[in-house]
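Work through the exercises below with the sequence and coordinates open. Try each task before reading its solution.

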Amino acid sequence: KDAKILSYVSSLCYSRREFGRCLEMAERGLKVCNDKNLRAGFLIRACYSCHSLVNFRQALLYWREYCETIGSTDNELLTVKFLTRTHLALHEYKKALSYIT
């Protein structure tokens, strides 16, 4: 029950562009959540919140855990776009290029 409430609150915070609060709720949710789908939602919101807060390295960690949780990188285009954008933001140009070539 707590995980569902935290999921709702983190979603609401994200939609209101309150990324710090969203990240806080997502991290709390990850501590109490056992459901795979809820966990994936917390991870993707934490990832995108970190990205919006310019914490790119942490965003990459959440992205990897998200992909592990869902069992793959089902959406290859989304993965390539996210990783390319993030590595460009980190000025890791060779790594960014490796995703698009």
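**Exercise 1. Locate R17 and describe its backbone and its exposure.**

Step 1. R17 sits in the loop between α1 (2-15) and α2 (19-32). Helices here are DSSP runs of H or I with at least four residues, strands are runs of E with at least two, and both are numbered from the N terminus.

Step 2. Know the ground rules. This is a predicted model, in which local features need pLDDT of at least 70, side-chain atom pairs count only at pLDDT 80 or more, and totals for chains, interfaces and linings use all residues. Residues are numbered from 1 along each chain as its sequence is written, and side-chain values use heavy atoms, with hydrogens and water left out.

Step 3. Take the backbone. The phi of R17 is near 65 degrees, a positive value in a residue other than glycine. Most residues other than glycine have a negative phi.

Step 4. Take the surface. R17 is exposed because its relative accessible area is 63%. The cut-offs are under 20% for buried, over 50% for exposed, and partly exposed in between (1.4 Å probe, protein chains only).

**Exercise 2. Repeat the analysis for H91.**

Step 1. H91 lies in the loop between α5 (76-89) and α6 (93-100).

Step 2. Its phi is positive, about 60 degrees, although H91 is not a glycine.

Step 3. The relative accessibility of H91 is 56%, so H91 counts as exposed.

**Exercise 3. Describe the surroundings of H51.**

Step 1. H51 belongs to helix α3 (residues 36-52).

Step 2. H51 is buried, since its relative accessible area is 12%.

Step 3. List the contacts (heavy atoms within 4.5 Å). Leaving aside neighbours within four places in sequence, H51 touches F56, A59, F82, R85 and T86.

Step 4. Look for polar partners. The side chain of H51 makes a polar contact with the side chain of T86, at 3.0 Å. Such a contact is a pair of N or O atoms within 3.5 Å; within protein, one must be able to donate a hydrogen and the other to accept it, and residues adjacent in sequence count only if both atoms are side-chain atoms.

**Exercise 4. How many disulfides does the structure hold?**

Step 1. Apply the criterion: two cysteine sulfur atoms within 2.5 Å. The whole structure yields zero disulfides.

Step 2. Check C13. The nearest cysteine sulfur, that of C22, is 6.3 Å away, and C13 is in no disulfide. C13 counts as buried because its relative accessibility is 7%.

Step 3. Check C33. Its closest cysteine sulfur is in C22, 14 Å away, so the distance is too far for a bond. C33 is buried, with a relative accessible area of 7%.

**Exercise 5. Summarise the fold and the confidence of the chain.**

Step 1. Count elements. The chain has six helices and zero strands.

Step 2. Judge compactness. The radius of gyration, taken over C-alpha atoms, is 14 Å, close to the 13 Å that the globule rule gives for 101 residues, so the chain is as compact as a globular protein of that length. That rule is 2.2 Å times the number of residues to the power 0.38.

Step 3. Count burial. Buried residues make up 42% of the 101 residues.

Step 4. Check pLDDT, the predictor's confidence in each residue from 0 to 100. The chain averages 89, and 95% of the residues score at least 70. Confidence is lowest in α5, with a mean of 82, and highest in α2, at 96.
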